[in-house]
Amino acid sequence: MILFETDRLVARRLTHDDASAMVEIYGDRDAMRYVGDGEPLDLEACRHWVDVTDGNFERRGYGMVALIERSTGVMVGCVGIVHPDQQPDPEVKYAFRRDAWGRGFATEAVRGLIEWGRSQFSLPYLIATTAPGNEPSHRVLGKAGFVRHSVREDEDGTTFVWRLDCSAP
(Lines give C-alpha, C1' and ligand atoms only; values in the text may rest on other atoms or scores of the structure.)
Protein backbone atom coordinates (compact mmCIF):
# COMPACT_ATOMS: atom_id res chain seq x y z
CA MET A 1 0.00 0.00 0.00
CA ILE A 2 1.48 3.34 -1.10
CA LEU A 3 1.37 5.95 1.66
CA PHE A 4 3.00 8.87 -0.15
CA GLU A 5 5.20 9.54 -3.15
CA THR A 6 7.91 12.02 -4.08
CA ASP A 7 9.59 12.66 -7.40
CA ARG A 8 12.01 9.73 -6.99
CA LEU A 9 10.60 7.69 -4.10
CA VAL A 10 7.55 5.62 -3.26
CA ALA A 11 6.79 5.19 0.45
CA ARG A 12 4.87 2.08 1.48
CA ARG A 13 4.25 -0.03 4.55
CA LEU A 14 7.08 -2.32 5.60
CA THR A 15 6.51 -6.06 5.29
CA HIS A 16 8.41 -9.08 6.56
CA ASP A 17 9.71 -9.50 3.01
CA ASP A 18 11.62 -6.22 3.53
CA ALA A 19 13.68 -7.55 6.43
CA SER A 20 16.68 -8.58 4.30
CA ALA A 21 16.72 -5.16 2.58
CA MET A 22 16.50 -3.56 6.02
CA VAL A 23 19.66 -5.43 7.07
CA GLU A 24 21.50 -3.65 4.24
CA ILE A 25 20.61 -0.39 6.00
CA TYR A 26 20.49 -1.23 9.70
CA GLY A 27 23.16 -3.93 9.56
CA ASP A 28 25.77 -1.41 8.38
CA ARG A 29 27.84 -0.31 11.38
CA ASP A 30 28.76 3.01 9.75
CA ALA A 31 25.12 3.78 8.92
CA MET A 32 24.12 2.96 12.50
CA ARG A 33 26.78 5.00 14.31
CA TYR A 34 24.25 7.76 15.14
CA VAL A 35 21.22 5.48 15.61
CA GLY A 36 20.28 4.28 19.10
CA ASP A 37 23.18 2.48 20.72
CA GLY A 38 25.10 2.43 17.44
CA GLU A 39 24.98 -1.33 17.10
CA PRO A 40 23.94 -2.83 13.76
CA LEU A 41 20.81 -4.99 13.55
CA ASP A 42 20.65 -8.54 12.26
CA LEU A 43 17.88 -10.17 10.22
CA GLU A 44 15.91 -11.30 13.26
CA ALA A 45 16.00 -7.80 14.78
CA CYS A 46 14.77 -6.34 11.48
CA ARG A 47 11.89 -8.83 11.40
CA HIS A 48 11.01 -7.85 14.96
CA TRP A 49 11.13 -4.19 13.95
CA VAL A 50 8.53 -4.84 11.23
CA ASP A 51 6.26 -6.27 13.96
CA VAL A 52 6.82 -3.20 16.14
CA THR A 53 6.06 -0.97 13.15
CA ASP A 54 2.83 -2.88 12.48
CA GLY A 55 1.81 -2.22 16.08
CA ASN A 56 2.57 1.49 15.67
CA PHE A 57 0.34 1.63 12.59
CA GLU A 58 -2.44 -0.12 14.50
CA ARG A 59 -2.19 2.34 17.42
CA ARG A 60 -1.54 5.61 15.62
CA GLY A 61 -1.97 5.08 11.88
CA TYR A 62 1.71 5.77 11.19
CA GLY A 63 5.18 4.36 11.77
CA MET A 64 8.30 3.55 9.77
CA VAL A 65 7.87 2.93 6.05
CA ALA A 66 9.95 1.50 3.21
CA LEU A 67 11.32 3.91 0.62
CA ILE A 68 11.52 2.45 -2.86
CA GLU A 69 13.51 4.21 -5.57
CA ARG A 70 11.17 4.57 -8.54
CA SER A 71 13.82 4.09 -11.23
CA THR A 72 15.22 0.84 -9.80
CA GLY A 73 12.48 -0.64 -7.60
CA VAL A 74 15.11 -1.04 -4.86
CA MET A 75 14.46 -0.24 -1.21
CA VAL A 76 16.97 2.54 -0.50
CA GLY A 77 15.85 3.51 2.98
CA CYS A 78 13.23 3.88 5.67
CA VAL A 79 11.52 6.95 7.05
CA GLY A 80 8.72 7.41 9.52
CA ILE A 81 7.02 9.11 12.40
CA VAL A 82 7.51 7.27 15.68
CA HIS A 83 7.23 7.70 19.45
CA PRO A 84 10.42 6.10 20.85
CA ASP A 85 9.91 4.71 24.35
CA GLN A 86 6.30 5.98 24.18
CA GLN A 87 7.40 9.64 24.24
CA PRO A 88 4.50 12.01 23.58
CA ASP A 89 6.27 13.90 20.78
CA PRO A 90 5.91 12.55 17.22
CA GLU A 91 9.49 12.07 16.00
CA VAL A 92 10.83 11.79 12.47
CA LYS A 93 13.39 9.02 11.93
CA TYR A 94 15.16 7.93 8.77
CA ALA A 95 18.03 5.77 7.57
CA PHE A 96 19.41 4.91 4.14
CA ARG A 97 21.62 2.39 2.43
CA ARG A 98 25.13 3.73 2.17
CA ASP A 99 25.00 3.70 -1.66
CA ALA A 100 22.01 6.09 -1.45
CA TRP A 101 23.85 8.68 0.66
CA GLY A 102 24.56 12.07 -0.87
CA ARG A 103 21.81 11.81 -3.49
CA GLY A 104 19.21 14.02 -1.77
CA PHE A 105 16.91 11.11 -0.87
CA ALA A 106 16.80 11.97 2.84
CA THR A 107 15.63 15.54 2.32
CA GLU A 108 13.13 14.41 -0.31
CA ALA A 109 11.79 11.64 1.94
CA VAL A 110 11.51 13.86 5.04
CA ARG A 111 9.67 16.55 3.07
CA GLY A 112 7.26 13.91 1.73
CA LEU A 113 6.78 12.52 5.23
CA ILE A 114 6.02 15.98 6.62
CA GLU A 115 3.31 16.53 4.00
CA TRP A 116 1.85 13.08 4.68
CA GLY A 117 1.83 13.78 8.44
CA ARG A 118 0.16 17.15 7.92
CA SER A 119 -2.50 15.93 5.52
CA GLN A 120 -3.37 12.58 7.08
CA PHE A 121 -2.90 13.12 10.81
CA SER A 122 -3.08 16.87 11.43
CA LEU A 123 -0.01 16.68 13.63
CA PRO A 124 0.63 20.11 15.17
CA TYR A 125 4.39 19.62 15.22
CA LEU A 126 7.15 17.08 14.64
CA ILE A 127 10.52 16.69 16.29
CA ALA A 128 13.71 14.99 15.20
CA THR A 129 16.77 14.17 17.26
CA THR A 130 20.39 14.04 16.17
CA ALA A 131 23.80 13.48 17.64
CA PRO A 132 25.84 16.70 17.73
CA GLY A 133 28.34 15.27 15.22
CA ASN A 134 25.77 14.14 12.67
CA GLU A 135 26.22 17.08 10.28
CA PRO A 136 24.54 15.36 7.29
CA SER A 137 21.31 14.95 9.30
CA HIS A 138 21.55 18.54 10.53
CA ARG A 139 21.60 19.69 6.89
CA VAL A 140 18.69 17.40 5.93
CA LEU A 141 16.52 18.65 8.77
CA GLY A 142 17.34 22.29 8.06
CA LYS A 143 16.45 21.88 4.37
CA ALA A 144 13.17 20.21 5.37
CA GLY A 145 12.22 23.18 7.57
CA PHE A 146 13.19 21.96 11.05
CA VAL A 147 14.96 24.33 13.45
CA ARG A 148 17.22 23.33 16.29
CA HIS A 149 15.04 23.69 19.35
CA SER A 150 16.94 22.38 22.38
CA VAL A 151 19.64 20.12 23.71
CA ARG A 152 18.72 17.00 25.67
CA GLU A 153 20.97 14.85 27.81
CA ASP A 154 20.02 11.18 27.77
CA GLU A 155 21.62 7.80 28.38
CA ASP A 156 23.20 7.90 24.89
CA GLY A 157 24.75 11.32 25.55
CA THR A 158 23.92 14.77 24.27
CA THR A 159 21.17 14.99 21.67
CA PHE A 160 20.02 17.95 19.60
CA VAL A 161 16.24 18.24 19.40
CA TRP A 162 14.85 19.77 16.21
CA ARG A 163 11.27 20.97 15.81
CA LEU A 164 8.94 21.73 12.92
CA ASP A 165 5.62 23.53 13.32
CA CYS A 166 3.31 21.59 11.00
CA SER A 167 0.83 24.45 10.74
CA ALA A 168 3.43 26.54 8.89
CA PRO A 169 3.63 26.05 5.11
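**Exercise 1. Identify the residues of the largest nonpolar core that touch the most other members, and the helix that gives the most to this core.**

Solution. The largest nonpolar core holds 33 residues, of which Val79, Tyr94, Phe96, Val110, Leu126 and Phe146 touch the most other members. A nonpolar core is a set of buried Ala, Val, Leu, Ile, Met, Phe, Trp, Tyr and Cys residues joined through side-chain atoms within 4.5 Å; buried means under 20% relative accessible area with a 1.4 Å probe, protein chains only. Next, the helix that gives the most is α4 (residues 105–121), with 7 residues. Helices are DSSP runs of H or I of at least four residues, strands are E runs of at least two, and both are numbered from the N terminus. Val110 is then examined: leaving aside neighbours within four places in sequence, Val110 is in contact (heavy atoms within 4.5 Å) with Val79, Val92, Tyr94, Val140, Ala144 and Phe146. Finally, a second, separate core of 17 residues includes Ala21, Met22, Met32 and Cys78.

The model is predicted: local features need pLDDT of at least 70 and side-chain atom pairs count only at pLDDT 80 or more, while totals for chains, interfaces and linings use all residues. Residues are numbered from 1 along each chain as its sequence is written, and side-chain values use heavy atoms, leaving out hydrogens and water.

**Exercise 2. Determine how the buried residues of helix α1 are arranged and what covers them.**

Solution. Helix α1 (residues 19–26) has Ala19, Ala21, Met22, Ile25 and Tyr26 as its buried residues. Seen down the axis, these fall within an arc of 150°, so they line one face of the helix; the arc is that of the directions from the helix axis to the C-beta atoms. Their cover includes α2 (29–32), α3 (43–60), β3 (64–69), β4 (75–82) and β5 (91–96).

**Exercise 3. Locate Thr129 and give the polar contacts of its side chain with Glu91 and Lys93.**

Solution. Thr129 lies in strand β6 (residues 125–130). Its side chain makes a polar contact of 2.5 Å with that of Glu91 and one of 3.4 Å with that of Lys93. A polar contact is a pair of N or O atoms within 3.5 Å; within protein, one must be able to donate a hydrogen and the other to accept it, and residues adjacent in sequence count only if both atoms are side-chain atoms. Not counting residues up to four places away in sequence, Thr129 touches Glu91, Lys93, Arg152, Thr159, Phe160 and Val161.

Technical notes: Buried means under 20% relative accessible area, exposed over 50%, partly exposed in between (1.4 Å probe, protein chains only).
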